[in-house]
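Please open the structure in a viewer and keep a selection panel at hand. The tour proceeds by selections, each followed by what is found there.

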Amino acid sequence: MKISLGPLQYYWPRATVFAFYEALATSPVDIVHLGEAVCSRRHELRLPDWLALAELLQGAGKQVVLSTQVLIESHSDLGAMRRVAANGRFLVEANDMGAVNCMSGQPFVAGPHLNLYSAQSLGIVARLGATRWVMPLEMSKAGLAALLAALRADCPEGLETEVFAYGRLPLAFSARCFTARQRNLPKDDCRFSCIEHPDGLVMQTREKQSFLVLNGIQTQSALVYNLVGELDAMRAMGVDVVRLSPQSNNMPAIVALVRASLDGAIAPGDAAARMAPLMPAEACDGFWHGRPGLERVAA
């Protein structure tokens, strides 16, 4: 099984982004997703900067994938998406159906936000050129097993399956910027507020329980989805790639523990225990077990 590093969800200073990916260039990550997938107002890096990082990581032996923005809101967003789709060198992850349309006939990755829940829909995107798909975040283990079984009879061969296995879950996207609203700022004058929160802004209930994380126009889970204890089950089901979502601290150590678990150097349960102090919040895995997402089912 391969390890994939998902696109950066947060807004970090340019130097921080470059340092982050330079550190990951020597890590046992197999696939790296680059690009702005959340908000078009984030301009610390432009497409030429992402392409420069792509060259660096490809030179280090990584497969590079350029991720498109999830929520397209304007002509400029559409233009940015088309430029990514037409880059001509690197594989593209399509995160909305407009990007799928742009990539039709070319190899691409079907991102998790396409919400592909059936073998029939997967068959459609595979025939349009998808070579890998990412399981929807809310899908359960049982749902994935049933879908993979159906795929064997109703989908072109060679379609890889990727599962989001670590990180705060990107649950929703909105035209409104909640980070700016929290500071009583309009979206068009957000003052790039989310750059002050490198792992998002935690929102608590009245009982002071962490509930969600605000990340610009994106809403995330406050808890960290962690399926490292399920790696053996995924392998048995035929999952090809596990996705880890970037966080501001300890990412190389997280990657190393997942790789060690995949290679059998440490037990998945031991890897999960060692990851706990490296995480920005406690773990959850409810969706995987068909439960509310914020629950922790695995021991």
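The stops below visit helices and nonpolar cores in what is a predicted model.

Begin with helix α1, residues 14-24, and display Val17, Phe18, Phe20, Tyr21 and Leu24, which are its buried residues. Looking down the axis of α1, one finds these buried residues within an arc of 160°, so they line one face of the helix. An α-helix has 3.6 residues a turn, so residues three or four places apart point the same way. Add β1 (2-5), β2 (31-34), α2 and α9 to the view: the buried residues of α1 pack against these elements.

Next, select Tyr21 alone. Leaving aside residues up to four places away in sequence, Tyr21 touches Leu5, Leu8, Val32, His33, Leu34, Trp50, Leu53 and Leu57. Tyr21 also belongs to the largest nonpolar core, which has 80 residues; Tyr21, Leu34, Trp133 and Leu144 touch the most other members. The greatest contribution to this core, 7 residues, comes from helix α9 (residues 251-262). A second core, separate from this one, has 7 residues, among them Cys177, Leu185, Cys190 and Ile217.

Now show α9 together with helix α10 (residues 268-275). Their axes lie 9 Å apart at an angle of about 170°; angles over 145 degrees count as roughly antiparallel, and α9 and α10 are therefore roughly antiparallel to each other. On α9, select Ile254, Leu257, Val258 and Ser261; on α10, select Pro268, Ala271, Arg274 and Met275; these residues make the contact. Among them are 6 nonpolar, 1 polar and 1 charged.

Finally, turn to helix α3 (residues 75-85), where Asp77, Gly79, Met81, Val84 and Ala85 are buried. Their cover includes α2 (47-59), β3 (63-67), β4 (91-94) and α4 (97-103).

Terms used:
Residues numbered from 1 in each chain as written. Predicted model: local features only at pLDDT ≥ 70, side-chain atom pairs only at ≥ 80, totals over all residues. Heavy atoms only, no water. Core = buried A, V, L, I, M, F, W, Y, C linked by side-chain atoms within 4.5 Å. Buried < 20%, exposed > 50% of the residue type's maximum accessible area, 1.4 Å probe, protein only. Helix = DSSP H or I, 4+ residues; strand = E, 2+ residues; numbered from the N terminus. Contact = heavy atoms within 4.5 Å. Arc of directions from axis to C-beta. Axes fitted to C-alpha atoms, helices over the stretch in contact; angles between N-to-C directions. Parallel < 35°, antiparallel > 145°, perpendicular 65-115°, else oblique. Nonpolar A, V, L, I, M, F, W, Y, C, P; charged D, E, K, R; others polar.
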